[in-house]
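Here's a quick walk through some salt bridges and one helix. Have the sequence and the model open as you read.

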Amino acid sequence: MKSEFVSQTSGGYYLLCLLVGVAYAGFFYYRAKILSKEQKWILAVIRGTLVSILAFLLLNPLFKTLSALTLRPKVVLVLDDSRSMKNAEKWKDVSASWEALRKGLENKGFETQTVTLEGVEGVDLSNAAFTGRKTALANGLNALKGNFEGQHLTDVILLSDGIMNEGLSPTFFQYPFRIHTLGAGDSTVKKDAYIQGISANKIAYLGNDFTVQVEIGSYLLKGRNSKIEIRDNSGQVLSSSPVNYKTDDDYQSVSFKLPAKQEGKQRFVAVLGGVEGEHTLKNNTREFFVDVVNGKEKILLLAASPHPDLKAIKSIIDKNEWFELKTKIVQEADISSLKNEVFDVLILHQFPDRAGLHTRFLSELLVRQKPVFFFPASQSDWSFFNGMQNVVSVVTQLGKVDKVNGMFNPGFQLFNVPSSNLFADLPPITVPFGVYSALTGTEVIMQQYISGINTGRPLLAVNLSGTRKMAVFLGDGLWHWRMEEFAQTQQHGIIDELILKTLQLIALKEEKGKLRIYPVNEVFQVDQKVSFAVEMYNDLYERIYEQDIELRIKGPSGEKKFDFRITPDHSRFELSTLPAGVYTYEGKSKNEKAGGQFVVSDSDIELQNTTADFSLLRTIASENNGSFLLAKDLLELRNVINKENVPNKLVTQEDLRDIIHFKWIWFVLIVLVSVEWILRKYWGSY
């Protein structure tokens, strides 16, 4: 260890500290009459030393310590503890060799550590549970790279069957250590048919049919026949299709159309019939879930007259599967039929119009308090427009217009605006010339720019306060923007995203209940705890606690009741593992209720494929200067690793500390103060 003083100032300042101490001591004791000359000198030296040290500390001097640390080479033994490994080997025999390998490496001067792919340290192979439901080899190896950074990690020994079902392959990464792989399990291809995957929409609409694609693979079953069935949660067969295996390495996709008969989350099971001699039937079943919703958000677009922007608005809204759009150019004869039109959001283009023919009709629609998106244009009556909405006031003269560009308002934070400079290159669009005022509660999304100068006037704005949400786009020529964006980027992206996000913002139905209970995940695995977040609010929607909650959960095994209390430290409720199925829940507190659905899944992708992939393990070892061996031969790795003759690593550590942080400096100061005070009292000075 080497230590040295580090100065942050020039040496002249330290001389000045000494002079300050001498001057202060001389001034204090030079004219002291009670003390003798020798006593004055003794006290002056103590006082001068004390003051000089204090002045010295004000310069913030540092103390640097250099120490050399010897790191022995380290070997980490990594176990893939996923479910596919459980029956891969006779683990009692392998665990003895595993422990002998670890001790042998330690006897040769290596440090060792055992971990699982998930990062659990100190794993004992003889007691390994093999409960992991997914295998992400790259995630585990990348975690080692980060966790052992700065240490002398030279070798990693990975014991796995090579079966991956999550994340990227480790072959895409470079590692700063050698990786030796040990293959467990059987890589021999056996007779087997399996469901490789299921493709289905997560959302279906009540009363409609939805499509399900089941991907089926097989090995060594050429000429054999089977059947694939789709069953509902009760086990009833909804549809089936024959399966003919045409080759020894066969792949095929079977399509089904299923009816969405019941609202809510629905559980379905695809079952592939077994074939005589098939290795395993555990991968012949796979479940999937579909959320059946009762209809889309109905959007009613009413226009005063034909306009190119109508086509642009329709094209934008049709991109969102949650919206169902109905467009109508209103004539006088249509008014009575539209009065009973059902909608969730109303879009008005050029309304209210200057002719004033539809003012009463519009008032009857607006009184429903549904969200409204205004697109005023050349035929709009601006005085009526100002009275129909609470977003922006426009005072203009008939026929006078401006040509403007749009730029995002940097202060808008209700949603993430598209990050792009596209709008600076778009052609100007038309807005009325006049005085603009954003009304109380309005959030401006886009502002008007003329020749690159921000006018501060709103171009696109929303107001979410009041009894209904409203939005206004004041530009006439949206279709110009979409055409120019496509010419520049070959896609309709940013303009469409902007309008859709604004529409979604005003269409969003807010939860107004004072009790809110919701599961932290939509789907839980059977071995997971089911966790609920619970929130309670008062009349001002302030969070409150110390509330008693009654929670009822209904599922395949019947209904259960639970009582608990919300506290600041415990605002979640957890249940131990539940059987697979679709569950409904309802929570009560005083006069408040909240409920919903969640799913418990028994989908075990670890058992979909149990054929070991030794080729992947060989590739990982080869690309990282390691060796591949079978699990039964793992003791041979002692000789492989010892051949490298890896030396210890010498690491120099530098510790830089402020001298004022050393405890001994404070001890010295206290001693000097105490000695001076005692001597002065003893010699009769005050």
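## K319 and D496: a mixed pair

Start with K319, which is partly exposed at 48% relative accessibility. Keep in mind that this is a predicted model. The side chain of K319 meets that of D496 in a salt bridge, 3.0 Å from N to O. K319 sits in the loop between α5 (308-317) and β16 (323-329), while D496 belongs to helix α10 (residues 494-507), so the bridge ties together parts 177 residues apart in sequence.

Is D496 buried or exposed? With 1% relative accessibility, D496 is buried, because anything under 20% counts that way.

## E676 and R47: a long reach in sequence

Overall, the structure has 21 salt bridges. Another one of them pairs the side chains of E676 and R47, at 2.7 Å from N to O. E676 comes from helix α13 (residues 663-682) and R47 from helix α2 (residues 37-58), so this contact links parts that are 629 residues apart in sequence.

How much of this pair can you get at from outside? E676 has 3% relative accessibility, so it counts as buried. R47 comes in at 10%, which means it is buried as well.

## A small network around R552

E550 and R552 also join through their side chains, in a salt bridge of 3.1 Å (N to O). R552 has a relative accessible area of 28%, so it's partly exposed. This bridge doesn't stand alone: E550, R552, E559 and K561 are joined into one network by salt bridges that share partners.

## Helix α1: a buried face and a nonpolar patch

Now over to helix α1, which covers residues 11-29. Does its length add up? What you'd expect for its 19 residues, at 1.5 Å a residue, is a span of 27 Å, and the end C-alpha atoms are 28 Å apart, which agrees. Which residues of α1 are buried? They are Y14, C17, G21, A25 and Y29. Look down the axis of α1 and these buried residues fall within an arc of 75 degrees, so they line one face of the helix.

There's a surface side to the story too. Y13, L15, L16, L18, L19, V20 and V22 make up a nonpolar patch on the surface, with about 660 Å² of accessible area together. One of them, L16, is found in α1. L16 has 46% relative accessibility, so it counts as partly exposed.

Technical notes:
Residues numbered from 1 in each chain as written. Predicted model: local features only at pLDDT ≥ 70, side-chain atom pairs only at ≥ 80, totals over all residues. Heavy atoms only, no water. Salt bridge = Lys/Arg side-chain N within 4 Å of Asp/Glu carboxyl O. Helix = DSSP H or I, 4+ residues; strand = E, 2+ residues; numbered from the N terminus. Buried < 20%, exposed > 50% of the residue type's maximum accessible area, 1.4 Å probe, protein only. Patch = residues over 30% accessible without salt bridge, like charges linked within 9 Å, V, L, I, M, F, W, Y side chains within 5 Å. Areas by Shrake-Rupley, 256 points an atom, 1.4 Å probe, with all protein chains shown as cover. Expected span 1.5 Å × (residues − 1). Arc of directions from axis to C-beta.
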